[in-house]
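The following account leads through the structure shown below, first its sheet and helices, then its aromatic rings.

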Amino acid sequence: MNDPAELADTSCGFIALVGAPNAGKSTLLNSLVGTKVSIVTHKAQTTRSQVRGVLTLDAAQLVFIDTPGVFAPKRRLERAMVDNAWGGAGDADIVAFIVDAGRGISPEIEPLIEGLGNIRQPKVLILNKIDQVQREKLLELSRELNERLRFEATFMLSALKGDGVRDFIDWCVAHIPPGPWHFPEDHLTDLTMAITAAEVTREKLFLRVHDEIPYNATVETESFKIQKDGSYKIDQVVYVTRDSHKKIVLGAGGQTIKAIGAEARKELMDMYEVPIHLFLFVKVREKWADDPERYREMGLDYPHGKK
């Protein structure tokens, strides 16, 4: 069988998913790829760096880039996330602007509209969560946004339910450039297994204690070993910035961290289809958000200057 990268009739394109926090970018990425590759929570700014989901259809390969939500950054980590989002958009073949149709043209997307006006790549508009909005409002929102930016196409869909997602995929297949594939046919994401495991645990952490600790808590996989029996032994550390946050994550008698570990272990077993031995530890690292090494591990550039 020929290597797909050697075939002259293949095509491959990078599509950046850009939007405000909680516009549904991660949910859309998972729907596009057909499996979970990006964590999803109701906590804003969960995605910190670019996550690539790969969809290969016949001779076409679509590489969707889930970028961090673009917002007004106040801290160094937030500045790195926003820089990462705009970098992903600037490097893509197509930029998809995802708007929460229920929120419409809110103040938080105004900087996005301005920034997208400076990007040369073809842009498409995606109105997400259409199941929550009346048709008349959708049409009016589409008209207003198309008057402000030049979009090649407009899609109305529900990433959560999958409605309209296939239309967007078909359009991307027809508009990506010819060229070799960047990933093997069975590749779904560019994340390593160790990073994916850390992201799953971070999702469970935020879902359980999202009201009590800031989003700058993080999870790192310190060890990922494949055992002789085929099972995976995973050691992870949850880093928080204060002792009070450590107590919250641990919970009374360690019940909270046990529950987080049980939920993460179950999802990882479903993902990898092997027994998982997951060990979680909680440590305080006050200045982790100012450590360049932590940024490199998250795939972010370290912004110098003000915090």
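Helix H7 (residues 243-250) lies across E8 and E9, running at about 155 degrees to E9. Contact here means heavy atoms within 4.5 Å; axes are lines fitted to C-alpha atoms, for helices over the stretch in contact, with angles from 0 to 180 degrees between N-to-C directions. Helices (H or I, at least four residues) and strands (E, at least two) are DSSP runs, numbered from the N terminus. The model is a predicted one, in which local features need pLDDT of at least 70 and side-chain atom pairs count only at pLDDT 80 or more, while totals for chains, interfaces and linings use all residues. Residues are numbered from 1 along each chain as its sequence is written, and side-chain values use heavy atoms, with hydrogens and water left out.

A second helix, H6 (residues 193-209), lies across E7, E8 and E9 and runs at about 135 degrees to E7. These strands form an open sheet of 3 strands in the order E7-E8-E9, with mixed pairing; two strands pair if DSSP finds at least two bridges between them. Strand E7 (218-226) and strand E9 (276-284) stand at the edges with a single partner strand each, so one side of each has no neighbour in the sheet. From one strand to the next, the twist averages 15 degrees. E7 and strand E8 (residues 232-240) pair in the antiparallel sense over 8 bridges, and Ser223 stands opposite Asp235 in E8.

The side chains add a further contact: the charged end of Arg285 sits over the ring of Tyr239, 3.7 Å from its centre. The criterion is that NZ of Lys or CZ of Arg is within 6 Å of the ring centre and within 35 degrees of the ring normal.

Turning to ring pairs, the whole structure contains 5 aromatic pairs. Rings of Phe, Tyr and Trp (its six-membered ring) pair if their centres lie within 6.5 Å; planes under 30 degrees apart count as stacked, over 60 as edge-to-face and the rest as tilted. The pair of Phe64 and Phe168 is tilted, because the ring centres are 6.1 Å apart and the planes stand at 45 degrees. This pair links distant parts of the chain, 104 residues apart: Phe64 belongs to strand E3 (residues 60-66) and Phe168 to helix H5 (residues 165-175). Phe64 is buried, with a relative accessible area of 0%, and Phe168 is buried with a value of 0%; buried means under 20%, exposed over 50% and partly exposed in between (1.4 Å probe, protein chains only).

Phe155 and Trp171 have ring centres 6.1 Å apart and planes at 75 degrees, so their pair is edge-to-face. Phe155 lies in strand E6 (residues 153-156) and Trp171 in helix H5, so the pair ties together parts 16 residues apart in sequence. Both Phe155 and Trp171 are buried. Ring pairs link Phe64, Phe155, Phe168 and Trp171 into a cluster.
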